[in-house]
Amino acid sequence: TQLQAANGLGLRVVLTVDDTPEWAHASGVTCGPVLTEKLPALSAFLHDLVQRYSAEPYQVQTWELWSEPDVAGEAGCWGDPADPYYGGGDYAVMLAAVYPQIKAASPEAQVLVGGLRLECDPNNPPGGKDCSSSNFLEGILQAGGGAFFDGVSFHASDGFAVYDLPWGTAYQYSNYNWHSYWHTSGPVVIAKANFIRNLLTEYSVTGKTLYNTQSAILCASCQDVPVFETAKAGHVAQVYATAMSLDFETNMWESLLGWQNSGLMSVNLTPLPAYQAFQIARESIGPATYTGEVLSSDVGGAPGIRGFKFVHEDGRQVWALWYVSMTEPSSAVTFTIQPGAAWDMLGNPLDLSTGLVVGVDPVYVEWVP
């Protein structure tokens, strides 16, 4: 019923095959590796599943095989700590078995490597942390699995962070595990996407799309904390503009009600500021095409301005802008051509008659041809 409803609304569904059947699992758990002798049966099951749900009235065309398979003992739990590549080779064997059957059922079906957690950066482990689980994707590629998937799904969440700065307190985000911070590299989705794409390039695997299927800012203790809700709204605006600049197939927020207070709505379905920011981002840049990064020279030489440019089919240009600095709260910007309108991340119009000052919360600026 839910799949039919989604199709009726014109929504694209990413359907996750989440658990290994009891008759097929090899590791004593119900979500991990599949016994080799059971792969033909699993392939036949997936063939029939895709054949049924890729047709009307469902029209599902994107299939994620397990969620967080690069984890041991929980979630997707294909992870094998005894293997330098954390079990990625076993997952590649499964892909090689099921991919032809899925394509036989629906040639248009898109098969995704299950949403990788990518716990931390294996090329630069933070604080000596064991990051071997992030070698899972390389294990897939090393075993020849690159020929048996169409895209890579991954999860990229930042944590809520409080910075005491010379000008006051900044409520922002960071991800220590990937050396990602609001004032330097930006949302962790950038570091993870670069890591994945560099691996694909290293193994000469081309033509793969990226899906961020869990985007969020997390804070387990931040229920009903106004400053967190503001930071979350800002993160929504930043991460969606950033994802468009990175040419993802999709970027999904986790989720409407969220986890660790990442929701766009409260438990009683009251919209939070992040929900409004989500709507404004969708209206402002969702239908547009990314055309480039905003440079200092684009904003009158103002330092610390970060942002991206987008153009709509009708020729309207919209820039998403925000300020990143550890010394000042905001910066005045100027443009070669005066914009016709500007609004904040929640859709409130900004008065341009006295110029534009950009702070840590994103704003949108528009030129109409």
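Residues count as buried when their relative accessible area is under 20%. The views below show a predicted model.

**View 1. Helix α6 and the residue that follows.** Helix α6 is mostly covered, with 16 of its 20 residues buried. The helix runs over residues 226-245, and at 1.5 Å a residue it should span 28 Å; its end C-alpha atoms lie 29 Å apart, which agrees. After α6 comes D247, which has a positive phi. This residue belongs to the loop between α6 and β8. The phi of D247 is near 60°, and D247 is not a glycine. Because its relative accessibility is 61%, D247 counts as exposed.

**View 2. The loop between α2 and β2.** Two backbone features fall in this loop, at P57 and at Q59. Most residues other than glycine have a negative phi, and most peptide bonds are trans. The bond from E56 to P57 is cis, with omega near 10°. Q59, although not a glycine, has a positive phi of about 60°. With a relative accessible area of 34%, Q59 is partly exposed.

**View 3. A cis peptide bond after β8.** E254 and S255 are joined by a cis peptide bond, with omega about -15°. S255 sits in the loop between β8 (250-253) and α7 (273-285).

**View 4. I140 and the nonpolar cores.** The largest nonpolar core holds 86 residues, and I140 is among those that touch the most other members, together with L65, Y91, M94, F154, I196 and Y364. A second core, separate from this one, has 16 residues, including W319, F335, L352 and W367. Beyond its neighbours within four places in sequence, I140 is in contact with G88, G89, Y91, A92, L95, V113, G145, G146 and F149.

**View 5. Q172 in strand β5.** Q172 is part of strand β5, residues 168-175. The relative accessible area of Q172 is 7%, so this residue is buried. Neighbours within four places in sequence aside, the contacts of Q172 are G159, F160, A161, Y163, W182, I217, Q238 and V360.

**View 6. The disulfide of C31 and C77.** The model has three disulfides, and their pattern is 1-2, 3-4, 5-6 when bonded cysteines are counted along the chain. One of them joins C31 to C77, with an S to S distance of 2.0 Å. This pair links distant parts of the chain, 46 residues apart: C31 is in the loop between β1 (14-17) and α2, and C77 in the loop between β2 and α3 (88-105). The torsion about the S-S bond of C31 and C77 is about 125°, so the disulfide is right-handed. C31 and C77 are both buried.

**View 7. The loop between β3 and α4.** A disulfide joins C120 to C131, with an S to S distance of 2.1 Å. Both cysteines lie in the loop between β3 and α4, so the pair ties together parts that are eleven residues apart in sequence. The C120 and C131 link is left-handed, with -125° about the S-S bond, and both residues are buried. G128 is also found in the loop between β3 (110-116) and α4 (136-142). G128 is exposed, with a relative accessible area of 69%. The C-alpha atom of G128 is separated by 43 Å from that of E108, 20 residues away along the chain.

**View 8. The disulfide of C219 and C222.** The sulfur atoms of C219 and C222 are 2.0 Å apart and form a disulfide. The link of C219 and C222 is right-handed, with 55° about the S-S bond. Both C219 and C222 are buried.

Terms used:
Residues numbered from 1 in each chain as written. Predicted model: local features only at pLDDT ≥ 70, side-chain atom pairs only at ≥ 80, totals over all residues. Heavy atoms only, no water. Helix = DSSP H or I, 4+ residues; strand = E, 2+ residues; numbered from the N terminus. Buried < 20%, exposed > 50% of the residue type's maximum accessible area, 1.4 Å probe, protein only. Expected span 1.5 Å × (residues − 1). Core = buried A, V, L, I, M, F, W, Y, C linked by side-chain atoms within 4.5 Å. Contact = heavy atoms within 4.5 Å. Disulfide = S-S within 2.5 Å.
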